[in-house]
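Visitor: I am new to this structure and should be grateful for a close look at a single part of it. Would you kindly take me through one sheet and then show how the rest relates to that part?

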Amino acid sequence: MAAGEDLLWDARDKGMQMVPRLWRLGVTAGVLGFLALLLLVDSHAVWALYAGALYLIAEIVYWAWDRGRLVEARIVAGEDEGTARIRLRRVGGRISEHDPRRVTRVLVIHDNVLDQAALRLRVHKGRLLFGRPGRAPALAAWRQACPNAEVGDRAARWGMPGVPD
């Protein structure tokens, strides 16, 4: 295989899923507005508004975190023909290239129930990148692409009742 064709990580779901998220946010905001009209008149059940506002904040924080998750990692030929680069694509569409010698750790966490895995990638300066769930990659490809990295895998530390961890 040529250096530009090596796929190291491929997530199952690569989209941002904005329509369902915007739908949930819109419905929640509408319900909160209606509850505000009913409850703030003469009621002590303001906790419902706080719970809804907390949900809105949590949804926005999750959107910001999910936007930076990795959906694809490839080995590509660098500008110099002799050096290869790792190209990382995020959910939001941002693409960055990194020197594979500066990757310090690659951890693949296998799901206990589903046939999928999660990726944890530590790049230079200690930055930790998270990958969306996808098929478990071959660790040999990561070891070959990132010679200085600690490459490993493990099973998830959680599971469903009745399913051994």
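**The mixed sheet and its surroundings**

Guide: In this predicted model, 4 strands form an open sheet whose pairing is mixed, and their order is β7-β6-β5-β8. At the edges stand β7 (127-130) and β8 (150-155); each has a single partner strand, so one side of each is left without a neighbour in the sheet. Direction ignored, neighbouring strands of this sheet are turned by 15° against each other on average. As a general matter, the strands of a sheet pair through backbone hydrogen bonds, in either a parallel or an antiparallel manner.

Let us now consider one pair within the sheet. Strand β5, which covers residues 105-110, runs parallel to β8, and 6 bridges join the two. Within this pairing, Leu-107 has Gly-152 of β8 as its bridge partner.

Val-106 also deserves attention. Leaving aside residues up to four places away in sequence, Val-106 touches Leu-119, Arg-120, Leu-121, Trp-142, Ala-149, Glu-150, Val-151 and Gly-152. Two of these contacts, Leu-121 and Trp-142, belong with Val-106 to the largest nonpolar core, which has 24 residues; these three touch the most other members. At least two residues of this core are supplied by each of β1 (6-10), β2 (70-77), β3 (84-90), β5, β6 (117-123) and α3 (139-145). In soluble globular proteins, nonpolar side chains tend to be buried together.

The core thus leads to another sheet, for β1, β2 and β3 are among its suppliers. These strands belong to an open sheet of 4 strands with antiparallel pairing, in the order β1-β2-β3-β4. Here β1 and β4 (95-98) are the edge strands, each pairing on one side only. From one strand to the next, the twist averages 20°. Between β1 and β2 there are 4 bridges, in the antiparallel sense, and Asp-6 stands opposite Ile-75 in β2.

Ile-75 brings us to a further feature, the largest pocket. This pocket is lined by 14 residues, and those nearest its centre are Ile-75, Ala-84, Pro-100, Gln-144 and Ala-145. The space in the largest pocket amounts to about 240 Å³. At least two residues of the lining come from β1, and at least two from α3. Both β1 and α3 also supply at least two residues each to the largest nonpolar core.

Definitions and conventions:
Residues numbered from 1 in each chain as written. Predicted model: local features only at pLDDT ≥ 70, side-chain atom pairs only at ≥ 80, totals over all residues. Heavy atoms only, no water. Pairing = 2+ DSSP bridges. Axes fitted to C-alpha atoms, helices over the stretch in contact; angles between N-to-C directions. Core = buried A, V, L, I, M, F, W, Y, C linked by side-chain atoms within 4.5 Å. Buried < 20%, exposed > 50% of the residue type's maximum accessible area, 1.4 Å probe, protein only. Contact = heavy atoms within 4.5 Å. 1 Å grid on protein atoms, 1.4 Å probe; cavity = no way out; pocket = protein on both sides within 12 Å on 5 of 7 lines; lining within 4 Å. Points joined across faces, edges and corners; volume = space filled by probe spheres on them.
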